[in-house]
Amino acid sequence: MPPKQRPCHYFQMGICNKGDQCTYAHVRDQSFKRKGCTHHAQGRCKRGNKCTYSHLEEDIRDLKFTSPFTTKDNSVTACRATTSEVDFREWRYQIPGPDRIARTCPLDIATPNFWQDALKPVSGDTGVMQETITLLVSNGGCARILELVGQIFLPGSDLQFSRIFNMQILPFFKTITHTNVTTLVILVSRLMTIYNILYGPDGERAVLLFAAVIQYLQTLAFNNESRATPTSSSSLEALEMSVAVFEKLVEVNTLAQVHDGLKLIAETLALIFEDNAEATASVAFQPARRHFRNLQQ
């Protein structure tokens, strides 16, 4: 492969200073995984910031999970990573570092399964789950959330929004409403940060997000008698997760309770339940109805 077509290793690390003069391509390499420095893990690396391998604590921890090695005191270090730790390690590389936020590839192009992958570590060990949510409120994580919300402003068909909702918005909603996350007191402040990001300046970001979500929900089949398509578990899940996130957003933002745009969203949600009264009275709809009753209070 000619050099210019080959991704620049230093660009992946955010330290290439050659710009357009670089003989290698300054594009994101999807196969690139920044490796921890074995010598640093052993306490022997003397290259400091000039080292081409990572000295970050999390990268060194990943190295210990995957590569047994001899430490400075000649003891052998080796750890076995759990499934959730492996999932987290793979997902974490998709969060841009502080020096790479501005040039990070969009989710839909580079990492279309980012939010689906976030669900895996959240569903696993408590420690890994905490690290996942903590990363989401880092600068890089916040950039990913804003990027997700920003996709609803792009022109596209209903089919395209359906794809965005099911591949990205719904997994994101499921991540921040997961029982493992919501029942841990230590994560309350981090979750509030996420909901504040969703609320945005004067609540307009929340209005635009949920207006698009509600419009999508109105296309789903909830009532077998009035719709040609039978009610599916995916439709129920979409409604439940959307109402759950909207309820929490209103709860943690006191101004949301008097926001005219969000009041209209709540009224439209009420119409969805009213128009599908027979179906939403079923046991399957009870979680969604519970969130909606909390919202009305």
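Helices and strands are taken here as DSSP runs, with at least four residues for a helix and at least two for a strand. By this count, the protein chain holds 16 helices and 2 strands. The model is predicted. The chain has 297 residues, and 43% of them are buried. Among contacts with a separation of 6 or more, 61% join residues that lie 24 or more positions apart.

Aromatic rings offer a way into the structure. A pair of aromatic rings is described by the distance of the centres and the angle of the planes. The structure holds 10 aromatic pairs. One of them joins Phe 88 and Trp 91. This pair is tilted, with 6.2 Å from centre to centre and 40 degrees between the planes. Both residues belong to helix α4, residues 83-92. Phe 88 and Trp 91 are 3 residues apart in α4, so about one helical turn separates them. An α-helix has 3.6 residues a turn, so residues three or four places apart point the same way. Phe 88 counts as buried because its relative accessibility is 5%. Trp 91 is likewise counted as buried, at 1% relative accessibility.

A second pair is formed by Phe 173 and Phe 210. These rings are stacked: their centres are 5.9 Å apart, and their planes differ by 10 degrees. The pair links distant parts of the chain. Phe 173 lies in helix α9, residues 158-176, and Phe 210 in helix α12, residues 204-217. Along the chain, the two are 37 residues apart. Phe 173 is buried, at 1% relative accessibility. Phe 210 is buried too, with a relative accessible area of 1%.

The rings named so far belong to a cluster. Ring pairs link Phe 88, Trp 91, Phe 114, Trp 115, Phe 172, Phe 173, Phe 210 and Phe 246. A charge also meets this cluster: the charged end of Arg 144 sits over the ring of Phe 114. The distance to the ring centre is 5.6 Å.

Phe 114 and Trp 115 lead to helix α6. This helix spans residues 114-122. Of its 9 residues, 7 are buried, so α6 is largely enclosed by the rest of the structure. The buried residues are Phe 114, Trp 115, Asp 117, Ala 118, Leu 119, Pro 121 and Val 122. Asp 125 is placed in the loop between α6 and α7. With a relative accessible area of 35%, Asp 125 is partly exposed. Its C-alpha atom is 7.9 Å from that of Glu 85, although the two residues are 40 residues apart along the chain.

Arg 92 is placed in helix α4. Arg 92 is buried, with a relative accessible area of 9%. Its C-alpha atom lies 7.9 Å from that of Thr 132. Arg 92 and Thr 132 are 40 residues apart along the chain.

Helix packing was examined for α8, residues 139-150, and α11, residues 188-199. Their axes come within 10 Å and cross at roughly 35 degrees. The crossing of α8 past α11 is right-handed. On the α8 side, the contact is made by Cys 142, Ile 145, Leu 146 and Val 149. On the α11 side, it is made by Ile 194, Ile 197 and Leu 198. The contact comprises 7 nonpolar residues, no polar and no charged ones.

Leu 198 also touches Val 245. Val 245 lies in helix α13, residues 233-252. Val 245 is buried, with a relative accessible area of 0%. Beyond its neighbours within four places in sequence, Val 245 is in contact with Phe 173, Ile 176, Thr 177, Tyr 195, Leu 198 and Phe 210. Phe 173 and Phe 210, the stacked pair, thus appear again. The C-alpha atoms of Val 245 and Lys 174 are separated by 8.8 Å. Along the chain, Val 245 and Lys 174 are 71 residues apart.

The backbone at Asp 202 completes the account. Most residues other than glycine have a negative phi, and most peptide bonds are trans. Asp 202 has a positive phi, near 60 degrees, and is a residue other than glycine. Its place is in the loop between α11 and α12. Asp 202 counts as exposed because its relative accessibility is 64%.

Conventions: Residues numbered from 1 in each chain as written. Predicted model: local features only at pLDDT ≥ 70, side-chain atom pairs only at ≥ 80, totals over all residues. Heavy atoms only, no water. Axes fitted to C-alpha atoms, helices over the stretch in contact; angles between N-to-C directions. Left-handed = near helix turned anticlockwise from the far one by under 90°. Contact = heavy atoms within 4.5 Å. Nonpolar A, V, L, I, M, F, W, Y, C, P; charged D, E, K, R; others polar. Phe/Tyr/Trp six-rings, centres within 6.5 Å; stacked < 30°, edge-to-face > 60°. Buried < 20%, exposed > 50% of the residue type's maximum accessible area, 1.4 Å probe, protein only. Lys NZ or Arg CZ within 6 Å of the ring centre and 35° of its normal.
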